Amino acid sequence: MPPVSVHYQGDSLVGDDGANRRALLFRVLIFVGVFVAVAGGGLIYDYSRPAVYRATSRLSVVPPPAAVDAARAQFALNEAQAMRRSELTEAVAAKLRADFPATQLDAGALESAFSIDHVPQTTVIELRGEGHDRAELVNALTAWIDAYISSRKKSDRADETDALDQAKHDAQVAQKAVEAKQRDLEAFRQRYGIVSSEREENPGTARLKGLHEALNGATAREVKAE
């Protein structure tokens with residue numbers, strides 16, 4: 001009977017478990033290190049970027065009193081479009097440069113940084129802006145509203161002046177037409193010898209007027225005598 005050899009491998013089994021634990025620990029350490037590096041890098045990147053501020057302002061416009069609801073909304077929409085006109089944007093940039101010389105906002109920057117929209121079904125216009133300088137955003141919104149109000153006042157004064165000039169012109173035309181008709185009527189009266197009942201050359205009217213004057217004079221003397 002051949003001899004049977006028996007090998008005891010208990011130590012080798014213990015050694016394999018230790019190696020597995022070390023490998024698992026190494027993987028965990030690598031994962032944690034990569035996670036910390038990525039998360040820390042992301043946080044550093046986020047906090048290193050300059051802050052972005054958002055500013056919003058709303059303006060309620062007043063349409064003509066006789067406007068119906070649809071016309072009121074259309075009026076507000078037209079005003080929102082008017083606030084985006086290039087000449088108004090240039091006026092805002094000029095006001096900012098005059099009031100805040102250190103500003104970096106010009107007309108092009110204003111157009112790209114700000115949006116102006118009409119709030120549907122209302123007469124409200126909303127202005128929104130984004131930028132890195134909070135004070136500059138507020139100053140720009142204030143300057144934009146001031147420039148719009150100033151432009152609107154000038155437009156209203158111009159409309160009032162035009163309306164007044166038109167009314168004066170219409171009155172002059174009407175006055176000339178009345179005078180022309182009066183001349184035609186006077187010429188017709190003289191041509192056919194027609195005497196007006198309201199004029200003194202009518203004998204009956206003249207006598208009646210004299211009687212009234214005499215009566216009034218007598219009454220006045222009587223009162224004075226009493």
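This is a short walk through a few places in the structure above, which is a predicted model.

Okay, let's start with the salt bridges. How many are there? By the rule used here, the count comes to 7 salt bridges. I'll show you three of them.

The first one I'd like you to find is between E126 and R58, whose side chains meet with N and O 2.9 Å apart. E126 sits in strand β3, residues 124-131, while R58 sits in strand β1, so this pair ties together parts that are 68 residues apart in sequence. Are these two buried or exposed? E126 counts as buried, because its relative accessibility is 14% and the cut-off for buried is under 20%. R58, on the other hand, counts as exposed, at 55%.

Stay with E126 for a moment, because its side chain also meets that of R128 in a salt bridge, at 2.4 Å from N to O. R128 is partly exposed, with a relative accessible area of 32%. Which residues end up in one network here? They are R58, D117, E126 and R128, joined by salt bridges that share partners.

Now go over to helix α3, residues 86-99, for a pair within one helix. K95 forms a salt bridge with D99, and the closest N and O atoms are 3.3 Å apart. The two residues are 4 apart in sequence, so about one helical turn separates them. K95 is partly exposed, with a relative accessible area of 31%, and D99 counts as partly exposed too, at 42%.

Back to strand β1, which covers residues 53-60, and to Y53 in that strand. Y53 counts as partly exposed, with 31% relative accessibility. Which residues does Y53 touch, once we leave aside its neighbours within four places in sequence? The answer is G129, E130, G131, H132, D133, R134 and L137. You can also look at A135: that residue is 82 residues away from Y53 in sequence, yet the C-alpha atoms of the two are 9.6 Å apart in space.

Next up, aromatic rings. The structure holds 1 aromatic pair. The pair is F114 with W144, and the ring centres are 5.7 Å apart with the planes at 55 degrees, so we call it tilted. F114 belongs to strand β2, residues 114-118, and W144 to helix α5, residues 134-192, so the pair ties together parts that are 30 residues apart in sequence. Both F114 and W144 are buried.

Let's do a quick check on helix α2, residues 69-82. With 14 residues at 1.5 Å a residue, this helix should span 20 Å, and its end C-alpha atoms are indeed 20 Å apart, so the two figures agree. Which residues of α2 are buried? Those are A73, F75, A76, E79, A80 and A82.

Last stop, the surface. There's a nonpolar patch of about 600 Å², and the residues making it are L24, V28, F31, V32, F35 and V36. Take F35 as one of them: you'll find F35 in helix α1, residues 10-48. With a relative accessible area of 52%, F35 is exposed, because exposed means over 50%.

So if you remember one spot from today, make it E126, a buried residue that has salt bridges with R58 and with R128. Thanks, everyone.

Definitions and conventions:
Residues numbered from 1 in each chain as written. Predicted model: local features only at pLDDT ≥ 70, side-chain atom pairs only at ≥ 80, totals over all residues. Heavy atoms only, no water. Buried < 20%, exposed > 50% of the residue type's maximum accessible area, 1.4 Å probe, protein only. Contact = heavy atoms within 4.5 Å. Salt bridge = Lys/Arg side-chain N within 4 Å of Asp/Glu carboxyl O. Phe/Tyr/Trp six-rings, centres within 6.5 Å; stacked < 30°, edge-to-face > 60°. Expected span 1.5 Å × (residues − 1). Patch = residues over 30% accessible without salt bridge, like charges linked within 9 Å, V, L, I, M, F, W, Y side chains within 5 Å. Areas by Shrake-Rupley, 256 points an atom, 1.4 Å probe, with all protein chains shown as cover.
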